[in-house]
Amino acid sequence: MLCWFQMPGSNPFQDPVRFQRRVRPCALVIFGANGDLTKRKLIPALYRLAYERRLPTGFAIVGTSRTPLTHDAYRDQMKEAVQRFSEDTPLDENIWRDFASGLFYEAGDLQDPACYAAIAARLDEIEATRQTGGNVLFYLSTQPSHYGPAIRGLAASGLHRGKGWRRIVVEKPFGVDLSSARALDAELHLAFAEEDVYRIDHYLGKETVQNILAFRFGNGLFEPLWNRRYIRNIQITAAESIGVEGRGRYYQEAGALRDMIQNHLLQIMATVAMEPPAVFEARSVRDERAKLLRSIRLFKPGEAATHAVAGQYGPAKSGGAKLLGFREDECVSPHANTDTYAAVPFFVDNWRRAGVPFYIRTGKRLAKRVTDVAIQYNDAPHSPFEAAGMEDAVLGARPNLLVLRVQPEEGISLRFLSKQPGSGMKLRPVSMDFKYGSSFGVRSPAAYETLLLDALGGDATLYTRQDMVEASWNAVTPILEDWGNRNFDFPNYDAGSWGPAESDAMLARRGDSWRTP
Amino acid sequence: MSAAPIDTGRILRDLDELWVNLGKDEHGGAGSDGVLRACSMTLVVCTEGHDAELGETLALLMRDHPSRLIVVNLSESAAALTASVTAECWMPFGRKQQICCERIAIEIPEHAIGDAPSVARGLIAPDLPVAVWCRSRRLLHHPEFRTVVRLANKLIVDSSDIEDLAGRIATLRAFRDADTRVADLAWTRLTRWREAIAAIFDDPDYLAHLDAMDRVVLEYQGPHRPMSTCYLPAWLAHCLGRRFETRWYRAGDSPRPRLFRVALHGTSLDVAIKVEADRSVQMHTGTRDSHCVFPALGEYDLMREELAIGGEDPVFEAVLNLAPEFA
């Protein structure tokens with residue numbers, strides 16, 4: 001690599017091997033500046049980036065929401081949020097002081113043009129005093145119903161254009177179905193070009209999800225075995241041990257299929273199943289993800305009723321405590337038909353994956369909190385040990401399981417058979433384990449740190465694109481339509497279990513069974 | 001004359017026994033999840049004499065880069081080659097499982113240096129990268145040391161205090177070959193300086209005037225020019241693809257040689273970075289001054305950065321080629 005071969009006008013003093021990626025001077029405007037996401041995720045992530053000196057000199061944040069607050073009052077609130085929600089970053093008073101000097105607040109109603117005028121005036125002042133070059137990232141951290149007014153307000157005020165670049169980050173949900181996703185996209189494009197729209201799916205920012213790409217495409221060993229000849233099924237599990245806890249109102253309308261599978265889990269599936277991109281850059285990676293999502297076989301009419309399983313947790317006792325059922329939550333209707341559990345078998349119609357089921361399940365109040373991807377390999381074509389009863393009968397004869405653990409205990413494990421020590425030939429499954437946290441002593445950045453830095457730096461590789469969003473909605477629409485027309489006999493699983501019995505039966509009909517994560 | 005031989009097979013058996021015992025001890029404890037044996041490379045540390053700080057540095061390094069650690073100590077007091085094995089363990093916060101790395105300490109008397117390569121060769125963890133960190137000048141120049149380096153994918157030295165800049169650069173270039181990369185902690189120390197210079201030229205207004213740069217002034221403190229005053233202009237020359245006038249000035253005392261100030265001059269360019277002994281940094285760009293702090297970096301921080309680079313470091317390779325011009 002020779003520095004002087006750089007493009008004209010680019011900084012010749014780069015050293016990607018050693019230097020942290022730097023972000024050009026810019027400002028960030030957060031709509032929904034008082035909301036839960038801002039306090040729990042965005043501001044702690046931004047503070048951590050400041051702590052690591054990853055933000056540019058002069059970086060500024062303008063928070064906006066309805067509540068009247070002074071700049072200082074807002075800074076105090078955000079300081080408290082950092083202290084409360086930063087899991088592994090101490091609050092350093094000097095660094096906070098610098099960070100807070102670039103933190104501003106403008107109260108306003110997103111329907112009111114005066115709100116945008118105030119933001120524009122603040123950005124002008126910031127540009128002059130902090131040399132941000134007119135570069136602005138807008139972040140929609142509001143309720144989805146406010147996306148439209150905010151985008152229209154930005155367009156009407158001219159804030160979507162400026163001296164530098166203007167980008168916008170949109171949080172999920174990207175609509176509640178295909179048509180509303182398209183409507184949101186149309187509104188976004190009234191003000192922003194597609195390359196300036198960053199649809200965030202924080203699962204894609206997780207180190208371990210990115211590591212799936214490194215594992216698959218950085219090693220020569222696994223990819224040749226990553227196809228229908230060797231794989232029996234792939235199970236993707238995203239289980240939560242908690243209930244809806246304060247999100248009952250939203251969750252009642254959304255449900256597990258919309259809240260998790262349509263976005264996070266189909267994105268993980270795409271990451272596991274996509275073809276290798278030619279180069280690791282935004283367009284190539286996103287093209288391959290999109291191609292995979294478009295290859296998902298759509299359920300035919302009537303199939304959803306027998307193939308997909310919906311569940312809802314009921315009340316239970318755990319550790320002496322009484323756990324409320326979903327319908328007992330104060331924000332939830334006692335007759336809610338919402339799926340708090342969903343299990344769906346997807347198939348991919350291409351040569352590499354044809355016939356391999358991707359079993360995806362997610363749910364609340366399950367046995368434990370875990371997200372992982374398990375690749376179950378085919379049995380050996382012939383086992384010389386089976387006839388002689390040498391394999392352990394209890395632990396089963398399907399030894400080869402590759403598990404990519406997304407959270408917690410991030411890592412990868414491979415299960416295979418081994419001879420049990422002693423005379424004779426008795427086989428038992430053993431596990432070869434890689435733990436992400438132990439092998440790399442350095443701290444892994446939180447997903448929002450990665451994704452915010454990417455958006456500020458103009459890298460959309462880990463963001464979803466509209467064609468991916470639409471392909472995901474296409475995949476779940478037949479199920480949503482079927483479930484919308486049915487009256488389920490809920491609740492159908494106990495809190496603390498692994499979901500409804502119908503889910504086990506669904507896999508059993510295919511000759512498979514859910515693994516226990 | 002040869003010292004008493006060390007049986008590498010015996011050392012490896014001792015290691016196996018160590019792991020068995022560690023496993024037994026930990027599984028016996030209530031609430032324990034046992035030990036996790038972690039090893040991502042072999043790190044051979046060549047040193048001489050007793051250095052209490054080194055032990056602490058290596059213990060910290062193991063957390064970032066779990067390794068089979070082989071510490072070869074050239075000892076005047078040792079009568080014979082001796083070896084011992086221990087485990088370096090730590091419990092990550094909030095976990096019940098200890099993570100352990102293995103450490104093999106080899107004491108070598110002066111007259112037995114020639115036996116070191118064969119011992120080290122037999123102890124290297126199979127199929128994993130090997131890094132050699134040479135902290136001893138005498139070992140670096142010992143003819144047998146070349147055999148040890150041949151085992152390594154990476155040789156790491158520290159030239160910060162070296163007076164004979166040209167001689168050291170020639171030594172490093174001689175060690176470099178297709179299989180072994182060379183790293184110098186004197187170069188690692190420059191990362192913050194280089195990042196600061198690069199950050200200035202992220203601003204298009206400054207970048208536009210970079211072509212006008214025709215003079216570099218380097219000020220240092222201490223008894224002689226530090227290696228950084230050679231590497232930094234070599235880096236600038238590499239990045240710009242051209243030469244410029246370079247001047248060096250001694251700007252005060254310091255127990256150890258250190259880079260103090262770098263200034264880039266041209267008809268329309270005036271940039272300077274000055275780092276005081278307390279690591280406070282003054283950056284002067286045109287009419288603006290700004291301040292920050294470079295973190296104090298010890299051997300642990302520097303080694304951590306170096307061990308994180310497993311492959312090529314093409315910029316340093318190029319700098320090493322140009323460095324003789326500035327020595």
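**Cavities, helix crossings and odd backbone spots**

Student: Which element gives the most to the lining of the largest cavity?

Tutor: With three residues, one helix gives the most to that lining, namely H3(B). Keep in mind that we're looking at a predicted model. Two helices of chain B, H3 (116-123) and H5 (145-150), each supply at least two residues of the lining. The top contributor, then, is H3(B).

Student: What volume does the largest cavity have, and how many residues of its lining are charged?

Tutor: The lining is made of B:Cys46, B:Val72, B:Ile113, B:Ala116, B:Pro117, B:Ala120, B:Leu139, B:Glu144, B:Phe145 and B:Val148. By class that's nine nonpolar and no polar residues, plus one charged residue. The space comes to about 80 Å³, and the charged count is one.

Student: How many cavities of 30 Å³ or more are there?

Tutor: The largest has a volume of about 80 Å³, and the second largest about 60 Å³. With the 30 Å³ cut-off, the count comes to four.

Student: What lines the second largest cavity, and which element gives the most to the lining?

Tutor: Chain A provides A:Arg18, and chain B provides B:Lys154, B:Arg181, B:Val182, B:Ala183, B:Glu306, B:Ile309, B:Gly311, B:Glu312, B:Asp313, B:Phe316 and B:Glu317. Strand S8 (181-184) and helix H12 (314-322) of chain B are the elements that give two or more residues. By class, the lining has four nonpolar, one polar and seven charged residues. With three residues, the element that gives the most is S8(B).

Student: What about the open sites: how much space lies in the second largest pocket?

Tutor: Its lining has 20 residues, and the closest to the centre are B:Arg189, B:Pro257, B:Arg258, B:Leu259 and B:Arg279. The lining residues split into eleven nonpolar, three polar and six charged. As for the space in that pocket, reckon on about 480 Å³.

Student: How many Å separate the centres of domain 1 and domain 2 of chain B?

Tutor: In the domain assignment of chain B, domain 1 covers 4-152 and domain 2 covers 191-293. Taking the centres over C-alpha atoms, the separation is 39 Å.

Student: On to packing in chain A: at what angle do H1(A) and H2(A) cross?

Tutor: H1 spans residues 36-51 and H2 spans residues 71-85, and their axes come within 9 Å. The crossing makes H1(A) roughly perpendicular to H2(A). In numbers, the angle is roughly 90°.

Student: Which residues make that contact, and how many are nonpolar?

Tutor: From H1(A) you have A:Thr38, A:Lys39, A:Arg40, A:Ile43, A:Pro44 and A:Tyr47, which meet A:Tyr74, A:Gln77, A:Met78, A:Ala81, A:Val82 and A:Phe85 of H2(A). Two of the contact residues are polar and two are charged. The nonpolar count is eight.

Student: Are H8(A) and H9(A) roughly parallel or roughly perpendicular?

Tutor: Helix H8 (residues 248-273) and helix H9 (residues 282-294) of chain A have axes 9 Å apart and pack at an angle of about 110°. The contact joins A:Leu266, A:Gln267, A:Met269, A:Ala270, A:Thr271 and A:Ala273 in H8(A) to A:Arg289, A:Leu292 and A:Leu293 in H9(A). By class, that's six nonpolar, two polar and one charged. Angles of 65 to 115 degrees count as perpendicular, so the two helices are roughly perpendicular.

Student: What is omega for the cis peptide bond between A:Lys172 and A:Pro173, and for the one from A:Phe490 to A:Pro491?

Tutor: Most peptide bonds are trans. A:Pro173 sits in the loop between strand S5 (166-171) and helix H6 (178-191) of chain A, while A:Pro491 is in the loop between helix H13 (466-484) and strand S18 (493-494) of that chain. For A:Lys172 to A:Pro173, omega is about 10°; for A:Phe490 to A:Pro491, omega is near -5°.

Student: Which residue has a positive phi although it is not a glycine?

Tutor: Most residues other than glycine have a negative phi. Here the phi is about 55°, and the residue lies in the loop between strand S13 (358-363) and strand S14 (370-377) of chain A. The residue you're after is A:Arg365.

Conventions
Residues are numbered from 1 along each chain as its sequence is written. Chains are lettered from A and ligands numbered from 1 in the order in which they are written. This is a predicted model: local features need pLDDT of at least 70, side-chain atom pairs count only at pLDDT 80 or more; totals for chains, interfaces and linings use all residues. Side-chain values use heavy atoms; hydrogens and water are left out. Domain bounds come from an automatic or database domain assignment. On a 1 Å grid over the protein atoms alone, a cavity is a set of points where a 1.4 Å probe fits but cannot get out, and a pocket is an open set with protein on both sides within 12 Å along at least five of seven lines; lining residues have an atom within 4 Å of a point. Grid points are joined across faces, edges and corners, and a volume is the space filled by probe spheres set on the points. Ala, Val, Leu, Ile, Met, Phe, Trp, Tyr, Cys and Pro count as nonpolar, Asp, Glu, Lys and Arg as charged, and the others, Gly among them, as polar. Axes are lines fitted to C-alpha atoms, for helices over the stretch in contact, and angles run from 0 to 180 degrees between N-to-C directions. Helices (H or I, at least four residues) and strands (E, at least two) are DSSP runs, numbered from the N terminus. Angles under 35 degrees count as roughly parallel, over 145 as roughly antiparallel, 65 to 115 as roughly perpendicular and the rest as oblique. Contact means heavy atoms within 4.5 Å.
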